[in-house]
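Please open the structure in a viewer and keep the selection panel at hand. The stops below are arranged so that each selection leads to the next.

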Amino acid sequence: MSTDTIQLETPRRLRFEIFRFNPEDPASEPHHQTFELDEQPFMTLYIALNRIREEQDPSLQFDFACRSAICGSCGMLVNGRPRLACNTLTRDLGDTIRLEPLPVFKLIGDLSVDTGTWFRGMAEQVGAWIEEKAPFEPHAEEERMDADLAQAIYEGERCIECGCCIAGCGVANVNPDFVGAAGLNRIARFMRDPRDARGDEDWFEVVSDENGVFGCIGLMGCHDVCPKELPLLEQYAYLRRRMLGAAREETAT
Amino acid sequence: MRIETTDVLVIGGGLAGERCAIESATAGLDVTLLSLVPPRRSHSCAAQGGMQAALGNCVKAEGDEPTIHFLDTVRGSDWGADQEVATIFAHEAPVAVRELAHWGVPWTRVRPGKNTYFIKGEKVEIDEPEENAGLITHRDFGGTAKWRACYASAGTGHAVLYAVDGEVVRLGIRVLDRVEATTLIHEGGRCWGAVSRCLRTGELTAWLAKSTVLATGGHGRIYGQYTTNATINEGAGAVLALETGEVPLGNMEAVQFHPTGLVPSGILVTEGCRGDGGFLLNKDGHRFMVDAEPEKQELASRDVVSRHMMDQIKRGLGVSSDFGEHLWLDLRHLGEEHLRTKLREVWDICRDFNGLDPSREPIPVRPIQHYSMGGVRVNKDGEAYGMRGLFAVGEAACWDLHGFNRLGGNSLAETVVAGRVIGARVAERTAATSLSVSTDVAQAFLADTAKRIALWRDRPSTGGSVYAVRDRVAEILNEKVGVFRTGDELEVAVAELEAAQRDIARVGLRSSGPGVDPELTAAMRIEGMVRLARITAVGALDRTESRGAHARTDHPTRDDARWLNRTLARWDAERDAPRLTYEPVGLLDLPPGDRGYGKTLQKSMETSIDAYNQRAPGEMAEHGALPTDEPMGARMLWGAWKGHEDRPARPERNE
């Protein structure tokens, strides 16, 4: 066992081209600004951006919280591709790194966008909670669940709402009401959950229009950019199957 | 500048704050929740491995019950915990876990039939009985007599936070994210809300509220980059409470260092790794914990494991790297499938941040600041000492369930248990309160914040940087207020922190753009953070014993004769320095004894338990404890632990 992975070479000089715009400042115009930094071992964009702010431009706006790829705060365009900044190592990128805010979401300033409002709206739109079948009984044993089903629900639960799938979605970029892959994934997660009282007919009301499952035109950019590697294709196929089934039943009756 | 009113103002949108808010919203009260970040981005989402609750659902959990959870918790705390609070907690935890299941948490379930586990280095096959199929299962964690941690892979906090936030959305609770509180509004020992600053626009608002809840999490970021904590864990609640001059902080010197922080990023690698059978190895590939703790091995409590790791490093058995010495966490024997399902988040973190495959390579780890046992001192109803109408809950609070060392999985449990218990009290009190405060008071506090901002904006830049002060404080704490402490180093730390605080006067802002200026935001917080650091260092210096995570190499004895107490720190504005006093830990039921791991010297109490318990309520009231709905001790289950103690309850060795 050794630490050979740590290379001590002459550091690269990295060039960051960063989108700048402060909507609160009438004098501010959207533009790109260039900063330079020496690369350090294990340098992430979290480390790089903080160094730029602390050493070069204290007004630079961006968002980080957990810096370990679980809170979803730091989605941005890295060389044009939506991804988390905190788990992006500079060693995987070229000498010039272009950073821009995620599209679709309202810009707060520079690289900071308002994902919170968007996701709260989506949660309200799709009803992203358990509709209980009966009130909670504090002293009763928990409802049993098959271990594999719990694992399958957890798989969809892993979404961290970073917004990368929304930013990478051709439909979400033109239709502000489209719930996107994050919304569809969440619906599939609750649809699978036997604790939820909603049946296919209820879900049909929620998702079967152009803002829901039939809004997707199948580009699947979401699947390619999801930092948590969620099975978005499978979730989407599952939803379509369930909803087409529900639609057929409706037509038959 | 605006003035708004609400029934309940919750500051902090993590699990404790949201769970608390749900109680008031369900009771029909108007609730406003302020959060630095969208609630789902709160640090609660970083809890990985589990949440302790004595359901006793799998074979290795058989016979578990809340009383044993109580025993483990008090022993884990090294008898620093309030035993009545530990009793309430242990008995409410199973209900809280089941409520979360009702709200949709995909808890990992019992799989009947043969299950393969790794226990104390051995591969073991256990038949889980059919009758338990589909119940919430458990994994092992440190310092517990039974397997008790309920979990959802290694994303337990995430799953719980999303379920609870789902309830918050369903109930339509008003949540304002990207908002920070700058000061509490209070008058004559009564809190009436807070002033907030919007982190989108910079706008100030005075929130007048019948009840105010601090749920801002811990303050690990006073250790700068040397912490597992998120960037937002800067101790906002503790600072707000301290600045009133009335409310004390409890046990700030009790700082938990997690054994397995990833090197070099400091990102948490869950205790669930060791719970599931992971090894700690030194540079020779030797499992040193087996020699050090034959009984618990890698699963002694965190304070004990961290000390053994630092001891290995001191003895030259650490692995050298460009980022300092470290040890290895070896999960290779668990196999890829286990790692990619039950420890999936660990797999991701190793890959993303170290380019490492934990099924093939060991993980570089070292102890790092992780949890603040200390916080805003509250009574069992969650109400702050010395300030009616102000509550604190979760890591921001010193309730005090953890004493001098928190057990793994007990903090996630605390957020929702305390959120339920204290949330119910908040709702009751709020319903019985009318808002009787003049808007002049709100205006005065608003003006105060506006003045602070103006002072920062107008200060000339003399070259000092707010980030330099922050980094200096972090270096001092990391070097001198760490896993092992000595009086000499602590004295230096206290002096250096005082100097760092003086340096703030030389800090000027280099930017002063309109809207939210991130440098101004950092500057607004730095004074409070240095105060928390000073209180931590002074508390550690004055406590001349070793208890839980507070390990003094020059005072290795746990001294129950002199130090079976809780440190309370207030900030005297006129002296610009902390003032420490000490109160009893609470009523004692389980007598101080041996923890069963991490053997240390002990000096016994000189008074009887009865005598201690007789003076405790009066002394705590003198220290600021407000009366509780039920009298002190009403929730104690005296002697219920008897017959469950599988370890000697009396000291094995006296000094």
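The tour begins with chain A as a whole, continues to one residue in that chain, and then moves to helices and loops of chain B. Please bear in mind throughout that this is a predicted model.

**Stop 1: chain A**

Select chain A and display it as a cartoon. Its secondary structure consists of eight helices and seven strands. Along the principal axes, the C-alpha atoms of chain A occupy a box of roughly 70 × 55 × 35 Å. Of the 253 residues in chain A, 56% are buried. Among contacts in chain A with a separation of 6 or more, 64% are between residues 24 or more positions apart.

**Stop 2: Ile187(A)**

Next, select Ile187(A), which belongs to helix H5 (residues 180–191) of chain A. Is this residue, Ile187(A), buried or exposed? Its relative accessible area is 2%, so Ile187(A) is buried, the cut-off being under 20%. Now add Val126(A), Trp203(A), Val207(A) and Leu239(A) to the selection; these are the residues in contact with Ile187(A) once neighbours within four places in sequence are set aside. Val126(A) lies 61 residues from Ile187(A) along the chain, yet their C-alpha atoms are separated by 6.8 Å.

**Stop 3: helix H3 of chain B and its partner**

Move to chain B and select residues 83–102, helix H3(B), together with residues 410–431, helix H11(B). At what angle do H3(B) and H11(B) pack? The angle is about 90 degrees, with the axes 9 Å apart. H3(B) is therefore roughly perpendicular to H11(B), a term that covers angles of 65 to 115 degrees. To view the contact, show side chains on both helices: from H3(B) the participants include Ile88(B), Phe89(B), Val95(B) and Leu100(B), and from H11(B) they include Ala413(B), Val416(B), Arg420(B) and Val421(B). By class, this contact comprises 10 nonpolar, one polar and four charged residues.

Then keep H3(B) alone in view. This helix has 20 residues and reaches 29 Å between its first and last C-alpha atoms, close to the 28 Å expected. Centre on Glu92(B), where H3(B) has a kink of about 35 degrees, shortly before the proline Pro94(B). Since 18 of its 20 residues are buried, H3(B) is largely enclosed by the rest of the structure.

**Stop 4: the loop that precedes H3(B)**

Select Trp79(B), in the loop between helix H2 (66–76) and H3 of chain B. Trp79(B) is not a glycine, yet its phi is positive, about 65 degrees. Most residues other than glycine have a negative phi. With a relative accessible area of 1%, Trp79(B) is buried.

**Stop 5: two further loops of chain B**

Go to Ser153(B), in the loop between strand E6 (149–150) and helix H4 (156–170) of chain B. Ser153(B) also has a positive phi, near 50 degrees, and at 3% relative accessibility it counts as buried.

Continue to Pro264(B), in the loop between strand E12 (255–262) and helix H6 (272–275) of chain B. Display the backbone here: the peptide bond from Val263(B) to Pro264(B) is cis, with omega near 5 degrees. Most peptide bonds are trans.

**Stop 6: helix H8 of chain B**

Finally, select residues 302–314, helix H8(B), whose end C-alpha atoms are 18 Å apart, in agreement with the span expected for 13 residues. H8(B) is mostly covered, with 10 of its 13 residues buried; among them are Arg302(B), Asp303(B), Met309(B) and Ile313(B). Just after H8(B), Gly316(B) has a positive phi of about 80 degrees.

Note on methods
Residues are numbered from 1 along each chain as its sequence is written. Chains are lettered from A and ligands numbered from 1 in the order in which they are written. Side-chain values use heavy atoms; hydrogens and water are left out. Axes are lines fitted to C-alpha atoms, for helices over the stretch in contact, and angles run from 0 to 180 degrees between N-to-C directions. Helices (H or I, at least four residues) and strands (E, at least two) are DSSP runs, numbered from the N terminus. Angles under 35 degrees count as roughly parallel, over 145 as roughly antiparallel, 65 to 115 as roughly perpendicular and the rest as oblique. Contact means heavy atoms within 4.5 Å. Ala, Val, Leu, Ile, Met, Phe, Trp, Tyr, Cys and Pro count as nonpolar, Asp, Glu, Lys and Arg as charged, and the others, Gly among them, as polar. The expected span of a helix is 1.5 Å times one less than its number of residues. The bend at a residue is the angle between axes fitted to the seven residues ending there and the seven starting there. Buried means under 20% relative accessible area, exposed over 50%, partly exposed in between (1.4 Å probe, protein chains only).
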